[in-house]
Amino acid sequence: RSLFCSEMGNETFCKQSKKRLMGFFKQQEYRRFDLKPRYWDPQKEEREKRERRIKAELNIQSEDYSEIRTKFRANYNKLKTQRKKTRGSYVLRLFMILMLLLLMAYYLFSKYADRIIEWLGE
């Protein structure tokens, strides 16, 4: 930080003034990365040509990310609703089993109450 910037106390002014100062001097251009491939796979190239030709014949467009995303969301929502239905049926099934067990216990206790009390009393 320069002395001028610390005295002013305004950092945005300091940054803007530095940018203006840098505009006066010529800046070097960035070197570009230019990679020339050394390996060529003719089988892969032929396969890609065949795929493009077949897609053109069958009138298939290549899937872009938005289509994939919508398909993924649709499948996710479908599975989510299936899980909710399954969970609801699970709770209902559990409730029915508990009710059945309670009814059986009530029936057995009402029919054999004297024997159960006698057995517990010993």
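1. Let me start with a term that will come up often: a residue is called buried under 20% relative accessible area, exposed over 50%, and partly exposed in between. Lysine 49, with 41% relative accessibility, therefore counts as partly exposed. Please keep in mind as you read that this is a predicted model.

2. Now for the overall picture. The protein contains five helices and zero strands, and its pattern along the sequence reads α-α-α-α-α. Of its 122 residues, 2% count as buried. The accessible surface amounts to about 13400 Å², with 59% of that belonging to carbon and sulfur atoms.

3. Helix α3 is a good place to look next. It is built from 17 residues and reaches 24 Å from its first C-alpha to its last, close to the 24 Å expected at 1.5 Å a residue. Just after α3 comes asparagine 59, which takes a positive phi of about 60°.

4. How many salt bridges does the count come to? The count comes to two. As background, side chains of opposite charge can pair when their charged atoms come close. The two pairs are taken in turn below.

5. One salt bridge joins the side chains of glutamate 45 and lysine 49, at 3.9 Å from N to O. Both residues sit in helix α3, which covers residues 42–58, and they are four residues apart, about one turn of the helix. An α-helix has 3.6 residues a turn, so residues three or four places apart point the same way. Glutamate 45 has 29% relative accessibility, so it counts as partly exposed, and lysine 49, at 41%, is also in the partly exposed class.

6. A second salt bridge links the side chains of glutamate 57 and arginine 53, with 3.8 Å from N to O. Here again both partners belong to helix α3 and stand four residues apart, about one turn of the helix. Is glutamate 57 buried or exposed? Glutamate 57 is exposed, because its relative accessible area is 58% and the exposed class begins over 50%. Arginine 53 has a relative accessible area of 46%, so it is partly exposed.

7. Moving on to the surface, which residues form a nonpolar patch? They are Tyr90, Val91, Leu94, Ile97, Leu98, Leu100, Leu101 and Met104, and together they have about 790 Å² of accessible area. Methionine 104 lies in helix α4, which covers residues 65–111. At 46% relative accessibility, methionine 104 is partly exposed.

8. There is also a charged patch to point out. Lys80, Arg83, Lys84 and Arg87 form a positive patch on the surface. One of them, lysine 84, lies in helix α4, the helix that also holds methionine 104.

Technical notes
Residues are numbered from 1 along each chain as its sequence is written. This is a predicted model: local features need pLDDT of at least 70, side-chain atom pairs count only at pLDDT 80 or more; totals for chains, interfaces and linings use all residues. Side-chain values use heavy atoms; hydrogens and water are left out. A salt bridge is a side-chain nitrogen of Lys or Arg within 4 Å of a carboxyl oxygen of Asp or Glu. Helices (H or I, at least four residues) and strands (E, at least two) are DSSP runs, numbered from the N terminus. Buried means under 20% relative accessible area, exposed over 50%, partly exposed in between (1.4 Å probe, protein chains only). Patches are made of residues with over 30% relative accessible area and no salt bridge: like charges are joined within 9 Å, nonpolar side chains (Val, Leu, Ile, Met, Phe, Trp, Tyr) within 5 Å. Accessible areas come from the Shrake-Rupley method with a 1.4 Å probe; for residues, only the protein chains shown count as cover. The expected span of a helix is 1.5 Å times one less than its number of residues. Lys and Arg count as positive and Asp and Glu as negative; His and the chain ends are not counted. The place of a charge is taken as NZ of Lys, CZ of Arg, CG of Asp or CD of Glu.
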